[in-house]
Amino acid sequence: MALTLYVDTERWRAHQQSVIQQFPGIVPVCKGNGYGFGHERLSDEATRFGADILAVGTTYEAARIKDMFGGDLLVLTPFRKDEEPVPLPDRAIRSVSSVEGVGLMRGARVVVEVMSSMKRHGITEEDLPKLHAAIDEVRLEGFALHLPLDRADGSDAVEEVIAWMDRLRAARLPLDTMFVSHLKPQEFSVLQQQFPQTRFRARIGTRLWLGDHDATEYRGAILDVTRVAKGDRFGYRQTKSGGDGWLVVVAGGTSHGVGLESPKALHGMTSRAKGVARAGLATVNRNLSPFVWAGKQRWFAEPPHMQVSILFVPSDAPEPKVGEELTAILRHTTTTVDRTLDR
């Protein structure tokens, strides 16, 4: 009995191909938990559709994935001079976000990250004149620009990239390859047309692997069902049941990522009101689980355990049976499943 990720493989791969067609020269991203699929599965998929390079999050991920993928490995986390050295093959390419970092990477393959409106990390315009001597000592693979997802100020992504292209050109730095993130297909196309001598390479993870929500589904198997009456005590904390129904033990707990949630950016009064309502219910131990039974998300009977969750299903719903599965609404990037099945 398991928490399972079901994949409509034909549909999933058809979506991959649609993204690949929109972004020629795509750099697939495989980082974290492999977007819920795992590093090995995504490495195999990237190999299958002919990717020559795979982007990973850290040097530690690169060390693990190097035996799964035979092409180049682009490490997205920038080099830091005091970082722990991790042995990597020559096909590993390091991101660097400072002139000092470029100077310390003598002989290495590097991508130089420039500062975008994200203001996270990157070389500034003022640093560009200092780059000339530094890049002579490395094997420069190109520059990179990591763009924000939202633009509340009304600014334009294409204009931001063009501004950096102009700065790099003015500094007489090579513009052979530019790695970009978070561009729309039409924006990517505009840039490639405007700068035909530069190869733009889009680093894409979420859109590539998770862009078709209906291609995947999580389900947890029901392990046990126990009838309870209102007032019956149960669980670790001997909580009283709030009504008649069933306690349903389902595969999927905190070790899978169930009950764990990343903070959300809330926009508008409606989403904020819902957030306040959820927080209020949580203070009285009412937490909605991600598991769906008979068309409704069901409440946790108590906080999820390490490998299972216990749900309360009221008596007005159909009785759950051991061996049946509950659909689970889970976030791919925080979920680890027991198994993945193609269908």
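The legends below describe close-up views of a predicted model.

**View 1. The open parallel sheet of 8 strands.**
The strands follow one another in the order E2-E9-E8-E7-E6-E5-E4-E3, and their pairing is parallel. Strand E2 (27–28) and strand E3 (53–56) stand at the edges, each with a single partner strand, so one side of each has no neighbour in the sheet. Within the sheet, strand E5 (residues 92–96) pairs with strand E6 (residues 109–114) over 3 bridges in the parallel sense. One point to locate in this pair is Ser95, whose bridge partner in E6 is Val111.

**View 2. Strand E13 between two antiparallel partners.**
Strand E13 (residues 245–251) is mostly covered, with 7 of its 7 residues buried. Strand E10 (residues 216–228) runs antiparallel to E13 and is joined to this strand by 6 bridges. Arg227 has Trp246 of E13 as its bridge partner. E13 also pairs with strand E16 (residues 308–314), again in the antiparallel sense, over 7 bridges. For this second pairing, the view can be centred on Val249 and its bridge partner in E16, Ile310.

**View 3. The largest nonpolar core and the surroundings of Phe37.**
The largest nonpolar core has 89 residues, and those with the most contacts inside it are Phe37, Leu131, Phe200 and Trp209. Helix H6 (residues 157–170) gives the most to this core, contributing 7 residues. A second, separate core has 6 residues, among them Val228, Leu247, Val249 and Ala301. Which residues are in contact with Phe37, leaving aside its neighbours within four places in sequence? They are Leu5, Val7, Trp12, Leu42, Trp209, Leu210 and Thr216. Trp209 thus appears in this contact list and also among the residues with the most contacts inside the core.

**View 4. Thr335, a buried loop residue.**
Thr335 lies in the loop that runs between strand E17 (325–328) and strand E18 (339–342). Is Thr335 buried or exposed? Its relative accessibility is 2%, and buried means under 20%, so Thr335 counts as buried. Not counting residues up to four places away in sequence, Thr335 touches Leu3, Asn33, Gly36, Tyr218, His256 and Leu330.

**View 5. The single cavity found by the search.**
A search of the whole structure finds 1 cavity of 30 Å³ or more. The largest cavity holds about 50 Å³ of space. Its lining is made up of Glu113, Val114, Ser116, Met118, Lys119, Arg120, His121 and His146. By class, this lining has 2 nonpolar, 3 polar and 3 charged residues. Glu113 is one of the lining residues, and its number falls in the range of strand E6 (residues 109–114).

**View 6. The second largest pocket.**
The volume of the second largest pocket is about 860 Å³. This pocket is lined by 33 residues, and the closest to its centre are His146, Leu149, Ser181, His182 and Thr206. Strand E8 (177–181), strand E9 (199–204) and helix H8 (206–210) are the elements that give two or more residues to the lining. E9 gives the most, with 3 residues. The lining of the second largest pocket divides into 14 nonpolar, 11 polar and 8 charged residues. His146 appears here among the residues closest to the pocket centre and is also listed in the lining of the largest cavity. Strands E8 and E9 stand next to each other in the order of the open sheet.

Notes:
Residues are numbered from 1 along each chain as its sequence is written. This is a predicted model: local features need pLDDT of at least 70, side-chain atom pairs count only at pLDDT 80 or more; totals for chains, interfaces and linings use all residues. Side-chain values use heavy atoms; hydrogens and water are left out. Two strands pair if DSSP finds at least two bridges between them. Helices (H or I, at least four residues) and strands (E, at least two) are DSSP runs, numbered from the N terminus. On a 1 Å grid over the protein atoms alone, a cavity is a set of points where a 1.4 Å probe fits but cannot get out, and a pocket is an open set with protein on both sides within 12 Å along at least five of seven lines; lining residues have an atom within 4 Å of a point. Grid points are joined across faces, edges and corners, and a volume is the space filled by probe spheres set on the points. Ala, Val, Leu, Ile, Met, Phe, Trp, Tyr, Cys and Pro count as nonpolar, Asp, Glu, Lys and Arg as charged, and the others, Gly among them, as polar. A nonpolar core is a set of buried Ala, Val, Leu, Ile, Met, Phe, Trp, Tyr and Cys residues joined through side-chain atoms within 4.5 Å. Buried means under 20% relative accessible area, exposed over 50%, partly exposed in between (1.4 Å probe, protein chains only). Contact means heavy atoms within 4.5 Å.
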